[in-house]
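Work through the following exercises with the sequence and the 3D structure at hand. Each task is followed by a solution that goes step by step.

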Amino acid sequence: ELNKYALLSCRDALSEKWIKTLAPKKHIVRHADIVFSVDKQLLCENTGEGCLGIIPVQRAGSAENFSYYKALAEAADNFICRHGKKVLLFALDTGYENDLLAAMSVKKLMQNAAQAEIIAYDADPSLIFRHLARCAVVVSSRFHGVIAGLLSEIPTAAISDTGKIDLLAKQLGVARIDKQGVSGKAVTELVNRTESSEPLPLSDEWIADAGKHLAELKAYLAN
């Protein structure tokens, strides 16, 4: 399938290595994920509302789903009890993987569900950034959720079950824990550590590199 294309653009060294194995004769370029180059007009000033943002993931057929949702729910309740602030449950994938199901499951398991809101992506990225601006801390199991939190200049951590999140966390110094076998105590401790930290800065060079995906495509189309 990859050999159908003349230009292949990827976002990490693991993907680049895999593509070079499958399509060694193609023109392959690697830059930071394109979402890092999002239009700055989409980013919102923090409202100071002090919410906890949780970005869960739904893995179809996973035997770990219930225990994972329960761990998130316990951490959400702990945050509400300590701070008296709301928890926002973001569903970034509302299509194939349907994170809306994950968000609804977490809310259903919460003791303080009335203090939780579900924010479902509706193809308008400004919705996500607008509600992220309500948060004091974000924990995400979605790759682009981690990026969105960092772009919003909010202390952000990852609950990871993918190599791409692990690699991103290592590159940028994002705190992370494993999703597999995660407990409410572990998520709560991650939230506590993260909310007491400063937002991680993103370098201008990193953001500029993310914009090179489109620049590479424009240059290719011009030739």
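**Exercise 1. Find how strands E1 and E2 are arranged, and describe the path of the chain that joins them.**

In this predicted model, begin with the pairing itself: strands E1 and E2 run in the parallel sense and are held in register over 4 bridges. To locate the register, look for Leu-7, which stands opposite His-27 in E2. Next follow the chain as it leaves E1, passes through helix H1 and arrives at E2, a β-α-β crossover that is right-handed. Finally, step back to the segment before E1, where Tyr-5 has its place. Tyr-5 is partly exposed, with a relative accessible area of 44%, and its C-alpha atom is separated by 7.6 Å from that of Lys-26, although the two residues are 21 residues apart along the chain.

**Exercise 2. Describe the surroundings of strand E6, beginning with which strands pair with E6.**

On one hand, strand E3 (residues 51-55) pairs with E6 in the parallel sense over 5 bridges, and in this pairing Ile-55 stands opposite Ser-140. On the other hand, E6 pairs with strand E7 (residues 156-160), again in the parallel sense, over 3 bridges, and here Ser-140 stands opposite Ala-158. Ser-140 is therefore a useful landmark, because it has a partner in E3 and another in E7. The helix of this region comes next: E6, helix H5 (residues 143-151) and E7 make a right-handed β-α-β unit. As for cover, E6 (residues 135-140) is mostly covered, with 5 of its 6 residues buried.

**Exercise 3. Locate His-31 and determine what its side chain meets in a polar contact.**

First find the loop between strand E2 (27-30) and E3, where His-31 has its place. His-31 has a relative accessible area of 10%, and so it is classed as buried, given that the cut-off for this class is under 20%. The side chain of His-31 makes a polar contact with the side chain of Glu-216, at 3.0 Å. If neighbours within four places in sequence are left aside, the residues in contact with His-31 are Cys-10, Arg-11, Asp-209, Lys-212, His-213 and Glu-216. One of these, Cys-10, is itself buried, with a relative accessible area of 5%.

**Exercise 4. Explain why Cys-51 and Cys-135 are not bonded through their sulfur atoms.**

Start with the search of the whole structure, which finds 0 disulfides. Then take the sulfur of Cys-51, whose closest cysteine sulfur is that of Cys-135; the two are 5.6 Å apart, so they are too far for a bond. The cut-off that matters in this step is 2.5 Å between cysteine sulfur atoms. Cys-51 is also buried, with a relative accessible area of 1%.

**Exercise 5. How many salt bridges does a search of the whole structure find, and which parts of the chain do the examples below connect?**

The search finds 17 salt bridges, and three of them can be followed in turn.

1. The side chains of Lys-20 and Glu-16 meet in a salt bridge at 3.6 Å, N to O. Both residues lie in helix H1 (residues 13-22), 4 residues apart, which is about one turn of the helix. Lys-20 is partly exposed, with a relative accessible area of 44%, whereas Glu-16 is buried, with 14%.

2. The side chains of Glu-195 and Arg-82 meet at 3.1 Å, N to O, in another salt bridge. Because Glu-195 lies in helix H7 (residues 184-195) and Arg-82 in helix H2 (residues 65-83), this pair ties together parts that are 113 residues apart in sequence. Glu-195 is partly exposed, with a relative accessible area of 26%, and Arg-82 also counts as partly exposed, at 38% relative accessibility.

3. The side chains of Lys-179 and Asp-161 meet in a salt bridge at 3.6 Å, N to O. This pair links distant parts of the chain, for Lys-179 is in the loop between strand E8 (175-178) and H7, while Asp-161 is in the loop between E7 and helix H6 (163-172), 18 residues apart. Lys-179 is buried, with a relative accessible area of 5%, whereas Asp-161 is partly exposed, with 34%.

**Exercise 6. Which residues are joined with Lys-179 and Asp-161 into one network of salt bridges?**

Starting from the pair Lys-179 and Asp-161, look for salt bridges that share partners: these join Arg-59, Asp-93, Glu-97, Asp-99 and Arg-142 with Asp-161 and Lys-179 into one network.

Definitions and conventions:
Residues are numbered from 1 along each chain as its sequence is written. This is a predicted model: local features need pLDDT of at least 70, side-chain atom pairs count only at pLDDT 80 or more; totals for chains, interfaces and linings use all residues. Side-chain values use heavy atoms; hydrogens and water are left out. Buried means under 20% relative accessible area, exposed over 50%, partly exposed in between (1.4 Å probe, protein chains only). Helices (H or I, at least four residues) and strands (E, at least two) are DSSP runs, numbered from the N terminus. Two strands pair if DSSP finds at least two bridges between them. A crossover is right-handed if, with the strands pointing away from the viewer, the path from the first strand over the helix to the second runs clockwise. A polar contact is a pair of N or O atoms within 3.5 Å; within protein, one must be able to donate a hydrogen and the other to accept it, and residues adjacent in sequence count only if both atoms are side-chain atoms. Contact means heavy atoms within 4.5 Å. A salt bridge is a side-chain nitrogen of Lys or Arg within 4 Å of a carboxyl oxygen of Asp or Glu.
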